[in-house]
Amino acid sequence: MTEGHLVAALEEHVLIVFTGGTISVSPSRDSNHPALGGAQLAGEISGFSEVPIQTVDLYRAMSESLTFPHLHKLVTFLRQAMDQPAVRGVVVSHGTDTMDEVSYLVDLVGPWSKPIVFTGAMRHNELVSADGPANLVNAIRVADTSASIGRGVMVVMNEEIHAARYVVKGHSTNVSSFSSPGAGLMGSVVEECVRYYWSVPPCTNSYRLPALDSWPKVELIRMTLGNSGLFLRACLAEQVDGVVIEGFGAGHVPEFLLPDIQKLIDAGIRVWVVPRTASGHPLYATYGTPGSEIGLQSMGVQMEEGPGHKARIRMMLELAGKE
Ligand SMILES: NC(=O)C[C@H](N)C(=O)O
């Protein structure tokens with residue numbers, strides 16, 4: 001086990017990077033912080049010896065409190081890990097609340113030459129039927145197999161393999177909280193068998209990781225019935241770099257908010273509209289009524305794929321520039 005840095009190893013292994021989250025929570029040891037790191041969590045799966053592992057404690061945070069410096073540290077570390085010949089694949093042990101955003105960000109700054117698999121737990125270590133150890137073992141299996149190379153970053157929870165590109169956390173507490181609306185499961189892990197049903201198209205974005213102190217300021221605003229436009233005006237006042245709007249249905253906004261949106265565009269602020277719905281694509285050419293996709297695009301708005309919180313990550317990277 002190492003503390004935030006890599007040790008060259010000769011034997012091929014799966015590297016597990018511990019970052020905190022519920023999988024690391026043990027209230028009787030520490031009720032304020034995630035208490036468990038690599039040494040303890042690897043100890044809990046010591047009966048699993050099929051795959052050699054090495055562990056690293058990168059940071060120990062609840063994932064709702066992660067900041068851009070955390071993400072910078074994670075991506076930088078993963079890039080170093082890819083260069084280690086003995087590393088077959090990497091598991092990132094992570095909080096689930098932002099696992100869909102963080103895994104997506106890691107995916108977008110790829111491509112990665114070896115599998116990267118995120119996992120975590122919905123039930124902490126001291127709850128009945130804690131799911132962390134089984135998730136960890138399944139994620140190790142996925143990271144270890146050469147069948148996982150070239151499939152993009154993945155999330156393994158509850159015996160299911162999801163593509164980071166499509167996965168969302170859709171339930172607050174259930175162990176089956178992760179799903180990939182529209183796309184479906186990419187695969188499953190049952191007993192020792194990793195099965196894939198399909199592959200994601202290769203990641204060709206090559207987004208650059210923004211510099212530590214210059215992540216673009218992008219806000220996410222959800223449309224609601226009778227929305228006052230207060231947050232749109234706040235974004236103009238703050239001169240943010242971009243705004244992602246979760247619009248009604250396929251991406252529609254009320255006609256009475258169009259002047260506020262026009263002011264953002266006139267000020268050079270990038271505006272994307274994505275569907276507010278839990279699944280489905282935006283429309284581009286069906287409705288011409290004010291506030292619908294045809295009119296929005298003629299104002300300079302871009303219609304984009306949701307969900308909003310993942311589109312925000314994509315816009316930040318887009319604004320930061322490509323390699
Ligand atoms: N299940 C979890 O991991 C939730 C926790 N709040 C986290 O994201 O760190």
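This is a guided tour of a predicted model, one selection at a time.

**The whole chain**

Start with everything shown as a cartoon. The chain contains 8 helices and 14 strands. Along its principal axes, the C-alpha trace spans about 60 × 40 × 40 Å. A compact globule of 323 residues would have a radius of gyration near 20 Å, and the 21 Å of this chain agrees with that. Colour by burial next: 51% of the 323 residues are buried. Contacts can also be sorted by how far apart the partners are in sequence. Among those between residues at least 6 apart, 73% join residues at least 24 apart.

**Helix α2**

Select residues 68–82, which form helix α2. This helix has 15 residues and reaches 21 Å from its first C-alpha to its last, close to the 21 Å expected at 1.5 Å a residue. Which residues of α2 are buried? They are Leu-71, His-72, Leu-74, Val-75, Phe-77, Leu-78, Ala-81 and Met-82. Show their side chains and look at what surrounds them. An α-helix has 3.6 residues a turn, so residues three or four places apart point the same way. The buried residues of α2 pack against strands β1, β2 (53–61), β3 and β4 (116–119), and against helix α3 (99–108).

**The ring pair at Phe-68**

Stay on α2 and add Phe-68 and Trp-215. A search of the whole structure finds 2 aromatic pairs. In one of them, Phe-68 and Trp-215 are stacked, 4.4 Å centre to centre with 5 degrees between the planes. Phe-68 belongs to helix α2, while Trp-215 sits in the loop between β10 (193–196) and β11 (218–222), so the pair ties together parts 147 residues apart in sequence. Are these two rings buried or exposed? Phe-68 counts as partly exposed at 27% relative accessibility, and Trp-215 counts as buried at 10%.

**Helix α3**

Now select residues 99–108, helix α3. Here 10 of the 10 residues are buried, so the helix is largely enclosed by the rest of the structure. The buried residues include charged ones, among them Asp-100, Glu-101 and Asp-107. What do the buried residues of α3 pack against? Their neighbours are helices α2 and α8 (308–320), together with strands β4, β5 (154–157), β7 (168–169) and β8 (178–179).

Tyr-104 is one of the buried residues of α3. Add Lys-310 to the view: Lys-310 lies over the face of Tyr-104, at 4.9 Å from the ring centre. For another charge over a ring, select Arg-151 and Tyr-196. The charged end of Arg-151 sits over the ring of Tyr-196, 3.7 Å from its centre.

**Salt bridges around Arg-88**

Side chains of opposite charge can pair when their charged atoms come close. The count for this model comes to 9 salt bridges. Select Arg-88 and Glu-12, which form one of them, with the closest N and O atoms 3.0 Å apart. This pair links distant parts of the chain: Arg-88 is in strand β3 (residues 87–93), and Glu-12 is in the segment before β1 (13–20), 76 residues apart. Both ends are partly exposed, Arg-88 with a relative accessible area of 32% and Glu-12 with 43%.

Next add Asp-144, which meets Arg-88 in a salt bridge of 2.7 Å, N to O. Asp-144 lies in helix α4 (residues 132–144) and Arg-88 in strand β3, so the pair ties together parts that are 56 residues apart in sequence. Shared partners join Glu-12, Arg-88 and Asp-144 into one network. Asp-144 is partly exposed, at 21% relative accessibility.

**Arg-60 and Asp-57**

Select Arg-60 and Asp-57 for another salt bridge, at 3.8 Å from N to O. Arg-60 is partly exposed at 38% relative accessibility, whereas Asp-57 is buried with a relative accessible area of 7%.

**Last stop: Thr-19**

Keep Arg-60 visible and select Thr-19 in strand β1. Thr-19 is buried, with a relative accessible area of 2%. Which residues does Thr-19 touch, leaving out those up to four places away in sequence? The contacts are Leu-58, Tyr-59, Arg-60, Ala-61, Leu-74, Val-92, Ser-93 and His-94. Leu-74 is also among the buried residues of α2. To finish, draw a line from Thr-19 to Leu-36: they are 17 residues apart in sequence and 9.9 Å apart in space, C-alpha to C-alpha.

Key. Residues numbered from 1 in each chain as written. Predicted model: local features only at pLDDT ≥ 70, side-chain atom pairs only at ≥ 80, totals over all residues. Heavy atoms only, no water. Salt bridge = Lys/Arg side-chain N within 4 Å of Asp/Glu carboxyl O. Helix = DSSP H or I, 4+ residues; strand = E, 2+ residues; numbered from the N terminus. Buried < 20%, exposed > 50% of the residue type's maximum accessible area, 1.4 Å probe, protein only. Phe/Tyr/Trp six-rings, centres within 6.5 Å; stacked < 30°, edge-to-face > 60°. Lys NZ or Arg CZ within 6 Å of the ring centre and 35° of its normal. Expected span 1.5 Å × (residues − 1). Contact = heavy atoms within 4.5 Å. Rg over C-alpha atoms; globule rule 2.2 N^0.38 Å.
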